[in-house]
Amino acid sequence: MTGTLTGAGAELRLRRDLHHLDGISRAAMTAVLRTVLPATADALAAALPVAPRHRALLDRWLTALTTAGALRRDAHGVFHATGPADTPALHELSSRYERLGFPPEMARLHRAALERLPDLLADRTALTDLLPEDTDVVASLGAYQRNAFTGRLHARCAEAVAETGARRGPGRVRVVELGGGSGATTDVLRGLDTDYTFTDVSPLYTAAAAERFKVATALLDVDADFTAQGFPAGGADVVVAANVLHNATDIPAALRRVRRLLAPGGTLLLVDSAGDCDTVLTSMQFLLSPPASSPHAAGPHGRFTDRRAGTATVFPTAGEWEEDLTAAGFHVRARHPDDTAGPAPAGQYLWHATVPEPAAVDTAELRRLLDGRAGEPVCAVDGTDLDAAAVLAAVAGDRPGAPGSRLPDEAARFCADLAQALTAVRPRPAPDPGPPPHTLVLTGDPAGAAAALDAWARGGRVTAVAPDTAPARLLAALERAEATEAVLPLALARALPATPAAALTDLSALTRVSCPEPGVTAADVTAWAELGPRLEGAPGSAGTAPRTSVDSPAAAADAALRGLDVPACVDAAHAVARAALLSMLHTLHRAGCPTGPGAYTPDQIAAAVRPAPEHRRLLDRWLTVLTEEQLLDRAPSGALTPTVPPETYTDLDTVWRPALRGWRAAHGCDATVAYARRSAGELLALMRAERSAAALLFPRGETDTARSLYRESATARYQHAAAAALVADHLRGAPRGRILEAGGGTATTTEVVLPELERLPGTSVEYLFTDVSPFFLDHARARFADRLRYGLLDVDRDPVEQGHAAGSFDVVVAGGVLNAAVDTDAAVRGLVRLLVPGGLLVLTEPTREEYWVLASQGFLLAAPRDARAATGASFLTHPQWRAVLDGAGLLPVADLPAEGHPLHPLGHRVFAARRP
């Protein structure tokens, strides 16, 4: 059965029962670990023992228990129990599971698992071994998906499918379910009048579904090309993926395959988790460890190739799911439950995403370029030859995504690139009299698509390869194709000559390599000249760039904004700022002022609001910005009166609805605004210190909300990419790079900078991740393991006195942390002490007031003793920052974005400065 719950009381009961199940599971995990504590993670794995394939699961246990406060991790990486042992209340499992709508076998299976946890960890037994002999294996293993909260999401899926059918009109909706498994979702959807196909990678599940549901079934691996498995592009109107895509080796790649399977305007219904559930960590998660026969069994941290690579993480956060959906070309229409209702039960969400209807493509130019070449192969894409007719068909009437298209994924991607290039590139010139070129390009690269049109204009051929092709394989492709020209991004243009295979590759046919990105240096040109070809960079970039070039980071930062409507993002930021200001007025209104007939002085307002002493400065700042934004009018006497009627701000839902809608439309996700809206409803309690701002930012000790704040906005994406490029540019060509990140926090800067550094050819990177809190070090350690080193650092104290050697780092990165320092000047001088001569300091900081921060994270900021003390501002202005860097004796390198950039008015800056 699938349970249902309605009403606020039922919702409260659901969360309470889930909380108790999590507590039982944590008590059981702690009981197992206590037998060998205190110990490091590796020592625990050896002593228990833990089978290699479950090693990542052990790391997830340690993260969960540390976050919950059941364990403590010291500076040496040793875990300690924090309190007396709790006996797991196994007798409560049956009643708790029953109230949550689970079938009885779930409680029985979980109890058996809790009683055998040491055996499960050691692989002395498997979870399936705990099932009674007469049990239906498919039904029992699917029991965890049959419950009240998942049932609600499945019901919403059914509503969305029915809505699609009604909107579509005549004809049955084509539904493809991915990873159908035990059929919990199928059971809800099969009653609809659809053309339904159940798929799974396992014949066990497809056979069971065919017998039970009488639906069409097929084997389908989400990690492989769908077209090659019999699912053509545009072959589905709705794709349902319930609790399956977290199993994909590369979630973004899987989402791109799903997008191609969907017809234009099609719908994806994605049900999945956005974080670990402690209850499931002691039961069904044993099934997610790599099988013993898998090549990843000995090193489960390496099973994923996306952002989870090298970590113990299985589930992306809600914000990461939405970033991946947006990057794959989906529009996220809704997420259930909405964050305004609080965290999702058990971390389970439903995303309703759609594929945009394609714009018409004028193929007249392409037809002219390929005229007279019917039947002739004009390009090869990832090993697939396409003749002129196939290219025209794919780009025109049978574009990728159209029903019946059977192009492999990379070929479809390349044709989509061509369709885009035809709308952006001027008509091609007539063919040159010289020999026709053979041009190698990358799929997914707009410059490569434009170069392909250029090649055909000269009567040439094109070879296109996937952008993730390893440098050695790319060299082999150049040799095999006898390419005469190549168009490569800067990173590959630098990596190929440094590849050992380059000296052994026959590149005699290759005459020219074009790099459309700024930043090509004289060393790059020389490296290619030694191999034979001429390297051509963007205008003005070759041969003259200093070690840290501003152009390259600026281009990298702009590239991070691809797919975003930047002006719409700016408008959304202004809408959020307006909503925050009105929320301040709403708070004053709730306190009884200043909406009466008379004016109120700041002291009278403070008497009504009753701020905690530490927040009186923040209240004064509210009154200042409300006056500056002309929402309060200040009389010569200092008394304040509102300039807008109360109905403008008394209903917070009305205040925030446009901001939420605009932000989601611009960014494809809404975690930032959802958090700001939750904070807005708590402002009076926050101002009175009756509510914890930290608890709102880190609910239940989780970092998902905070991570979304620091990564989903256009400004965050720009800043992270610019910082990564600045650091990489500074270290490129150096044999060794020592980096310290100050105030690493949720690691949203780290996750962009570190991969960029790991791609540097010939540079050994030593990256020290620091924060003032062990909480963030533990979270980072769980994600990045030994890719980083970890240490404590308080930016308000001299770093040398904290054990960090002066002059020992080539780069210091501080992403959005120095605004939390009490004295910015002293903090910057302390960080500069850590740099070697010529070392680079990279900062990302706001330089104007953020009104939504004043109504949320502002409650966490300490009173400053620097230039902000005189004004009451939360952030230094741009001139003040320049003065801080100059005062520290630094030489300016970068100050981004440049004036005139669409993001410039928002005031979020990336500073880079060099120690002399």
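## An open sheet of seven strands

In this predicted model, seven strands come together as an open sheet of mixed pairing, and their order across the sheet is β21-β20-β19-β22-β23-β25-β24. The two edges are formed by β21, which covers residues 789-792, and β24, which covers residues 891-896, and each of these edge strands pairs on one side only. Between neighbouring strands of this sheet the turn is 20 degrees on average, with direction ignored. As general background, strands of a sheet pair through backbone hydrogen bonds, and they may do so in a parallel or an antiparallel way.

One pairing within the sheet can be followed in detail: strand β19 (residues 736-742) runs parallel to strand β20 (residues 764-771), and six bridges join them. Among these, R736 has S764 of β20 as its bridge partner. A helix is also found here, since α32 (residues 774-784) lies across β20 and β21, and α32 runs at about 175 degrees to β21.

## A β-α-β unit

Elsewhere in the chain, strand β4 (residues 194-200) pairs with strand β5 (residues 216-219) in the parallel sense, and the pairing extends over four bridges. At one place along this pair, D200 stands opposite L219 in β5. Taken together with helix α10 (residues 203-213), the strands β4 and β5 make a β-α-β unit that is right-handed.

## Two nonpolar cores

Which residues touch the most other members of the largest nonpolar core? This core has 95 residues, and the ones in question are W622, W656, V727 and L757. Helix α22 (residues 566-590) supplies the largest share of the core, with 13 residues.

The surroundings of V727 can be listed: when its neighbours within four places in sequence are left aside, V727 is in contact with I739, V753, L757, V811, V813 and V842. Apart from this core lies another one, which has 48 residues and includes A41, A45, A112 and L114.

## A threonine in a loop

T505 is found in the loop between helix α19 (490-498) and strand β15 (512-514). Is this residue buried or exposed? The relative accessibility of T505 is 15%, and because a residue counts as buried when this value is under 20%, T505 is classed as buried.

A polar atom of the T505 side chain lies 2.7 Å from the backbone oxygen of A501. Beyond its neighbours within four places in sequence, T505 is in contact with L475 and E479.

Conventions:
Residues are numbered from 1 along each chain as its sequence is written. This is a predicted model: local features need pLDDT of at least 70, side-chain atom pairs count only at pLDDT 80 or more; totals for chains, interfaces and linings use all residues. Side-chain values use heavy atoms; hydrogens and water are left out. Two strands pair if DSSP finds at least two bridges between them. A crossover is right-handed if, with the strands pointing away from the viewer, the path from the first strand over the helix to the second runs clockwise. Axes are lines fitted to C-alpha atoms, for helices over the stretch in contact, and angles run from 0 to 180 degrees between N-to-C directions. Contact means heavy atoms within 4.5 Å. A nonpolar core is a set of buried Ala, Val, Leu, Ile, Met, Phe, Trp, Tyr and Cys residues joined through side-chain atoms within 4.5 Å. Buried means under 20% relative accessible area, exposed over 50%, partly exposed in between (1.4 Å probe, protein chains only). A polar contact is a pair of N or O atoms within 3.5 Å; within protein, one must be able to donate a hydrogen and the other to accept it, and residues adjacent in sequence count only if both atoms are side-chain atoms.
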